[in-house]
Amino acid sequence: MENAWLIPLFPLLSFLVLLLFGRKLKIASAYVGIILVLVSFVYSVIVLFERFTAPTHKAEAVWLSIGELQLTAGFEVNQLNALMLVLVSLVSLLVHIYSKGYMDGDERFPVFYAYLGLFTFSMLGLVMSPNLLQTYIFWELVGVGSFLLIGFYFYKESAKQAAKKAFIMTRIGDVGLFIGMILLFWQTGSFEYDEIFAAVGQGEVSEKWITLTAILIFIGAIGKSGQFPLHTWLPDAMEGPTPVSALIHAATMVAAGVYLVAATFPLFAASETALMTVAVIGAITAIFAASIGLVQTDIKRVLAFSTVSQLGYMMLALGSAGYVAGVFHLMTHAFFKALLFLAAGSVIHAVVTQDIEKMGGLWKKLRFTGPLFLIGTLAISGVPLFSGFFSKDEILMAAWAHGNYGLFWLAVIAAFFTAFYMFRLFFMVFSGESRSKMDNVHESPGVMIGPMIVLGVLAVVAGYVNTPWFGAFLGDWLTEGNPALGHGHVEGPAWIMFVATAVSLLGILLAWLMYSKKSLERDWLSSRAPISYNILVNKYFIDEFYKLSFVYAAKAISLFLKFIEIFLVEGIMKAIGGITQAFANTGSKLQNGQVQTYGTVAFVGLAVLLVIFALTGGYLQ
Amino acid sequence: MSSVPISAFLALALILFCIGLYGALTKRNTVIVLISIELMLNAVNINLVTFSKYGVAPAITGQVFALFVITVAAAEAAVGLAILIALYRNRKTVNIDEMDQLQG
Amino acid sequence: MLTGEFIAFMALALVAIIGGVLLINLTKVIHMVVALVFTFVSIAGIFVILSAEFIAAVQILIYSGAITIIMLFGIMLTRHDDTSEPITGKWRKLFLLLGVLGFGVAVYIGIYNLDIPQAANTLHVDNTEQIGISLYSHFIIPFELTSVLLLVALIGAIVLAKKDEDDEKEAEKE
Amino acid sequence: MTFSYFLTFLVFSPLLGIIVLAFMPRTNEKAIKLVGFLATLPALILSLAAYNMYHTGTDLAEFTERVRWITFGDFGSVDENLFTVFYELGIDGFALVMLVLTAVISTLAALASFHIKKEWKGYYMLFLLLVIGMLGVFTAQNLILFFIFFEVTLIPMFFLIGKWGFFEKEKAAYSFLIYNGLGSAILLIVIVLLFARTGTTNIDALRFLMNTPDAPLVTPISDSLKMGLLIALLVAFGIKLPIFPLHSWMLRVHVEAPPSIVMLHSGILLKIGAFGIIRFGMGIFPEQFTDLAFVLAALGVVNLLYGAFLAFIQDDFKMVLAYSSISHMGIVLIGLGALNEAGIQGAIFQVVSHGLISALMFFLVGVMYERTHTSHLSNLGGLAKGMPIAAGFLLAGAMASLGLPGMSGFVSEFMAFLGLFREWPILAAVGTLGIIMTAVYLLRAVLAITFGRADREFDGLTDIRTFEWAPVLVLMGLIVLIGVYPAVLSQPLQATIETIMLGIGG
């Protein structure tokens with residue numbers, strides 16, 4: 001465990017090697033990337049197992065000294081970090097393998113792997129950071145990795161816009177984190193997590209400051225995790241290659257926000273207001289994104305909105321003091337959402353479109369992808385025995401136990417929506433008649449199916465590490481030795497489980513009736529309530545609102561400043577030039593050869609000096 | 001001892017100097033300009049003599065200097081007039097604003 | 001404190017200043033020179049008050065006498081058509097007037113409450129003799145140089161004022 | 001061990017190149033370029049040697065050299081050094097860092113100057129003269145010497161802009177000269193006044209005299225006069241930096257001057273403003289500086305936001321970079337205004353970091369302009385296809401510029417804001433808006449150049465060529481080095497910052 005810092009360095013090595021020699025390596029660059037990430041993964045697993053027995057390991061060195069202050073860099077392996085290491089390196093490894101098939105034939109193949117390496121490095125670095133500053137550093141690097149990968153198809157205008165939007169929207173959140181981090185530093189005198197928590201625990205920081213800094217840090221999480229109101233970049237980020245969506249915009253980076261809140265949980269736990277904010281934002285995001293997901297027709301966008309919605313769930317859990325529930329859902333979600341995205345990638349690979357209206361009847365043609373997609377769909381819908389069921393259940397319990405009854409019911413409705421739109425997606429893609437114009441639809445190569453199978457298995461079994469029936473192993477382990485994080489398992493009324501199951505089954509049934517059996521009208525919503533349908537299709541017009549408000553405001557300010565520039569600053573310029581010129585003109589006029597004029601000028605100059613002298617008392621003191 | 005304060009003499013000299021200066025720089029007639037300069041020199045003489053009597057260290061030196069100034073002024077007046085006449089012969093004018101050979 | 005000295009000073013100063021002002025304001029050149037004579041004479045009076053009898057005498061001899069006469073000659077030898085001032089000079093005059101006033105005020109601020117402790121002096125005793133002694137002892141070299149200066153001025157004035165016959169001829173030819 | 005004339009040789013080593021160039025035929029393009037490039041190397045090697053010696057434990061004071069130069073008046077009876085100007089060179093940690101930066105960027109700019117198309121001989125002679133001026137400014141130990149070197153930078157710069165620039169080069173050169181001449185004049189007044197009042201212009205002596213009560217001044221200086229002098233200094237250096245609203249000359253220079261000269265201008269010359277404010281403003285008048293700190297910090301925020309917003313709507317990429325320089329110099333002011341260790345260190349880091357980043361960016365602008373003959377965003381696009389490496393470096397440079405962690409821009413931005421948040425949190429919070437805007441305008445500009453569909457006329461572009469590799473790699477390497485391991489910079493700076501903090505009394 002002492003050498004855990006090596007884990008992120010392997011992907012970094014991959015990045016550097018591919019950047020320098022990628023052109024020569026060509027297709028072999030995939031193997032470089034895969035092998036190096038595999039090493040990371042294996043090492044992460046070893047570290048995880050070591051962590052089961054050994055205590056938290058932390059090592060640091062001075063990175064930057066400012067006078068007396070010494071800022072350190074290092075790494076820490078605690079339960080959460082060890083778990084995240086395995087999670088990130090695993091998904092990254094699978095995506096690396098999958099991309100070998102998916103990106104086959106792209107001329108910038110090595111660049112893609114280099115970017116993946118950079119991203120994996122940053123993400124692994126992020127989850128090992130022992131202090132806020134280092135977290136922020138990797139937090140930004142993760143953002144760059146995501147930016148580069150979204151903009152991978154750089155020649156597409158939409159990709160360019162999406163990349164820019166992703167970077168800027170997350171940057172807005174990052175600034176919140178930046179401010180929060182610095183304010184916290186001046187309050188507690190340290191960036192170190194444990195020292196901050198110690199200071200907070202001993203009441204050295206006032207309630208007001210805790211709330212403020214916690215909310216600022218949460219703004220960072222909002223940006224990264226695509227929470228309302230900074231969520232709009234995430235659906236657009238689907239412009240990137242699909243494996244990237246699976247890795248970054250489903251399993252790892254977007255979960256970084258959740259990870260951040262989890263990592264700083266003792267801070268949030270110290271302020272009820274901050275917790276409440278997290279919970280409310282989470283619940284709003286969950287229901288809001290789920291409702292948009294109901295009507296989208298782009299397969300990746302549906303999944304993107306479901307990601308946003310699920311991340312809202314995790315936030316709700318954390319905001320309801322359900323630390324374990326949030327982290328648990330983070331883990332299960334990583335598996336089933338990565339699976340869904342990879343399966344969606346496989347579908348797109350087969351039919352070369354992302355519009356679900358043009359798919360259908362693929363169940364028979366894609367013998368592997370179909371069942372795997374179904375597993376993912378069942379897991380996310382919270383059908384019993386799949387992983388999503390346990391974690392979602394845990395969240396609902398936490399929300400109820402914390403007394404957030406209103407938010408609890410919102411979450412239940414969101415669960416219903418989720419089940420409905422996921423199965424709507426499933427039925428439209430896989431059942432019924434084919435609406436595709438492609439003739440030779442064929443299954444993806446094994447290099448793509450393999451990772452999906454691994455994820456499929458995990459999507460089923462991952463839930464059993466923390467169940468009300470077989471013991472909350474994960475919860476106990478995560479909270480071990482750290483009472484600030486709450487209990488390993490939250491006891492709630494048993495009926496919650498039945499309600500959750502019931503709504504998800506209801507959602508599935510409704511979707512089945514509408515899209516498979518077709519006994520219900522499909523365009524029920526668009527015909528009965530065109531206004532609300534319109535609002536949902538246009539994602540509540542939030543993009544348009546931002547465009548009208550912030551983008552135009554920035555433009556307006558810029559133009560206003562341009563006026564200042566032209567009239568004021570250039571005015572100063574002109575004034576200086578004009579004065580110089582006027583002086584020169586007067587001077588040359590005075591050179592008229594008349595002694596009296598010269599004498600006058602010389603004498604008046606003397607007089608002015610004398611007057612100044614007399615007025616100032618003779619001397620500048 | 002003295003009922004007239006030193007500043008009165010100095011002020012008189014100042015006023016005369018200012019008048020002379022104004023005349024020297026505004027009059028067109030060169031003769032008057034020369035006369036104005038004489039007036040300025042006279043004002044200086046008043047100062048010299050005043051300080052010779054009422055200065056911090058009264059001494060005859062001030063008066064001697066006044067004598068020198070008068071001498072130089074006389075020489076200057078003579079040469080000045082000679083130049084004026086030579087100029088007048090060449091340009092048929094004594095107006096100073098028509099003498100602008102200094103202009104390049 | 002109306003002592004005789006004070007009254008004399010005030011009268012002389014008044015005459016001197018009026019003379020100066022007339023110098024500026026009169027239109028005919030001859031009148032101006034005459035106004036100036038008054039000023040010079042009153043300044044000689046001021047010198048007497050300042051116990052510089054010798055200087056006062058020299059003042060009358062050189063200024064009121066010699067220089068005034070030279071000026072009159074100068075005026076007579078040249079033609080004077082007293083025309084009005086050119087319009088362009090107006091601004092300069094105003095400018096200059098402000099400058100002169102500023103200068104005056106600034107210097108006046110410096111001198112108006114100048115108070116130098118009175119030291120006893122014996123200037124009025126044998127004034128001429130004192131001047132003579134210091135001129136021929138301490139200031140002998142400058143004094144001799146002054147004579148050179150006067151000589152140079154004399155020759156220079158003659159050379160300048162002498163009619164240049166070559167020039168005359170050339171002027172006639174043209 | 002002392003190093004007599006080490007610094008003299010370092011500063012005047014480009015003179016060798018000037019002399020050699022003077023005897024060369026003006027048409028021999030290759031040889032001239034080679035000599036011009038080689039002449040910058042001695043300074044680079046010596047400055048790196050000095051840095052290395054510092055790291056191996058040599059005291060920087062040993063580099064000081066001092067020769068009696070001009071004596072005014074005869075005050076030997078009072079103090080034989082009174083009213084005497086010495087020729088004295090010396091360095092402290094800050095100056096050492098700036099010296100290395102100058103030497104590095106000069107060498108790279110000499111390489112970048114291979115793009116120059118005419119009159120190489122005159123160009124390189126002026127170029128080397130400019131280098132002498134810049135090296136001298138950072139080593140001068142007294143104000144008069146500083147001023148002389150400062151002026152030495154102005155003249156070559158004027159001709160380099162006016163002769164080798166783009167379309168409106170004459171106008172740019174004149175506005176450069178007018179503004180900077182004005183700044184120098186103000187600076188000269190301050191220097192002369194200080195000299196007249198204290199009888200010395202040595203910076204350390206002045207620092208001592210100004211901050212010691214009952215110091216043996218020739219004539220006393222009241223607090224209000226000190227404040228006046230400080231404000232005059234700030235204006236003089238503020239023009240150079242530039243501080244809003246004194247910046248318009250610098251925009252013209254950035255747009256019209258040849259890119260290799262802008263590398264030097266933006267990389268080093270603007271930094272003289274910051275150097276002067278720190279060295280003289282803070283060093284000599286610490287008390288007054290403390291009173292003005294808030295104004296400076298507020299001006300910094302104004303600079304930051306003003307530059308950022310205006311950069312957002314520019315069409316010319318050079319204009320974007322020019323405004324981004326204004327914006328980044330705002331961070332220097334923010335750090336200085338914070339007036340604590342973090343802030344000052346951040347400001348100095350920003351000075352170095354922006355020097356490297358803007359040199360890189362303008363080098364790339366030069367490379368692209370050479371191939372596409374345009375720098376307007378509306379004409380460019382899709383360069384990532386034709387010249388992927390240059391585009392990649394451009395993107396990396398933009399990332400460094402917008403403060404991506406792991407690169408130098410972040411360290412400085414972080415420290416400056418760390419400092420400011422301690423003193424004025426609200427102001428700092430307003431300032432962080434600049435962080436967002438920086439990302440907005442830089443991405444807008446860089447993506448417009450590199451991303452999108454490539455124009456047909458950009459098909460046959462060549463990517464980075466042989467000699468162009470050196471500048472991009474060296475600059476990028478330094479940017480990343482400082483970003484990852486900031487101790488390379490912070491260590492030499494420690495002593496300087498401690499001295500400053502001592503003066504401020506914090």
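Author: Helix axes here are lines fitted to C-alpha atoms over the stretch in contact, and angles run from 0 to 180 degrees between N-to-C directions. Helices themselves (H or I, at least four residues) and strands (E, at least two) are DSSP runs numbered from the N terminus. Keep in mind that this is a predicted model, where local features need pLDDT of at least 70 and side-chain atom pairs count only at pLDDT 80 or more, while totals for chains, interfaces and linings use all residues. Residues are numbered from 1 along each chain as its sequence is written, with chains lettered from A and ligands numbered from 1 in the order in which they are written.

Reader: OK, so what makes H11(A) and H14(A) a parallel or antiparallel pair?

Author: Their angle. Helix H11 (residues 253-263) and helix H14 (residues 299-319) of chain A pack at about 5°, with axes 10 Å apart. Roughly parallel means under 35 degrees, roughly antiparallel over 145, roughly perpendicular 65 to 115, and the rest is oblique. At about 5°, the pair therefore comes out as roughly parallel.

Reader: Which residues make that contact?

Author: H11(A) brings A:Val254, A:Val258, A:Val261 and A:Ala262, while H14(A) brings A:Thr307, A:Leu311, A:Met314, A:Met315 and A:Leu318. Two residues are in contact if their C-beta atoms, placed from the backbone, lie within 7 Å. By class, that makes 8 nonpolar, 1 polar and no charged. Nonpolar covers Ala, Val, Leu, Ile, Met, Phe, Trp, Tyr, Cys and Pro, charged covers Asp, Glu, Lys and Arg, and the others, Gly among them, are polar.

Reader: And how do you know which way H2(B) and H3(B) run relative to each other?

Author: The axes of H2(B) and H3(B) come within 8 Å and cross at roughly 175°. Being over the antiparallel cut-off, H2(B) and H3(B) are therefore called roughly antiparallel. Their contact includes B:Leu34, B:Leu41 and B:Leu48 of H2(B), and B:Ala66, B:Ala73 and B:Leu84 of H3(B). The class count for the H2(B)–H3(B) contact is 15 nonpolar, 7 polar and 1 charged.

Reader: Let's zoom out. Which chains share the most contacts?

Author: Chains B and C, out of 4 pairs of chains in contact. Their contact takes 62 residues from chain B and 71 from chain C. On the chain B side, helix H1 (6-26), helix H2 (30-54) and helix H3 (61-91) each supply at least two residues. H3(B) gives the largest share of that side, 21 residues. By class, the chain B side has 45 nonpolar, 13 polar and 4 charged residues.

Reader: How far apart are the nearest C-alpha atoms of chain B and chain D?

Author: They are 26 Å apart, and chain B and chain D do not touch. Chain C and chain D do not touch either, with their nearest C-alpha atoms 22 Å apart.

Reader: What makes chain D as compact as a globular protein of that length?

Author: Chain D has 20 helices and 2 strands. Its radius of gyration is 22 Å, close to the 23 Å that the globule rule gives for 506 residues, so chain D earns the label. The radius is taken over C-alpha atoms, and the rule is 2.2 Å times the number of residues to the power 0.38. The C-alpha atoms of chain D fill a box of roughly 80 × 60 × 45 Å along the principal axes.

Reader: How sure is the predictor about chain D?

Author: Chain D averages a pLDDT of 86, and 97% of the residues score at least 70. pLDDT is the predictor's confidence in each residue, from 0 to 100. The model as such scores ipTM 0.72 and pTM 0.81.

Reader: Is D:Gly283 buried or exposed, and how do you know?

Author: D:Gly283 has 21 other C-beta atoms within 10 Å, so D:Gly283 is buried. Buried takes 20 or more such neighbours, exposed 12 or fewer, and partly exposed is in between, with C-beta atoms placed from the backbone. This glycine is in helix H11 (residues 259-284) of chain D. Leaving aside residues up to four places away in sequence, D:Gly283 touches D:Ile203, D:Arg207, D:Ile500 and D:Gly503.

Reader: And what does A:Tyr464 count as?

Author: A:Tyr464 has 15 C-beta neighbours inside 10 Å, so it falls in the middle class, partly exposed. A:Tyr464 lies in the loop between helix H19 (446-461) and helix H20 (473-479) of chain A.

Reader: Why is H10(A) described as largely enclosed by the rest of the structure?

Author: Because 10 of the 10 residues of helix H10 (residues 242-251) of chain A are buried. Among them are A:Thr242, A:Leu247 and A:His249. For chain A, buried residues make up 57% of the 621 residues.
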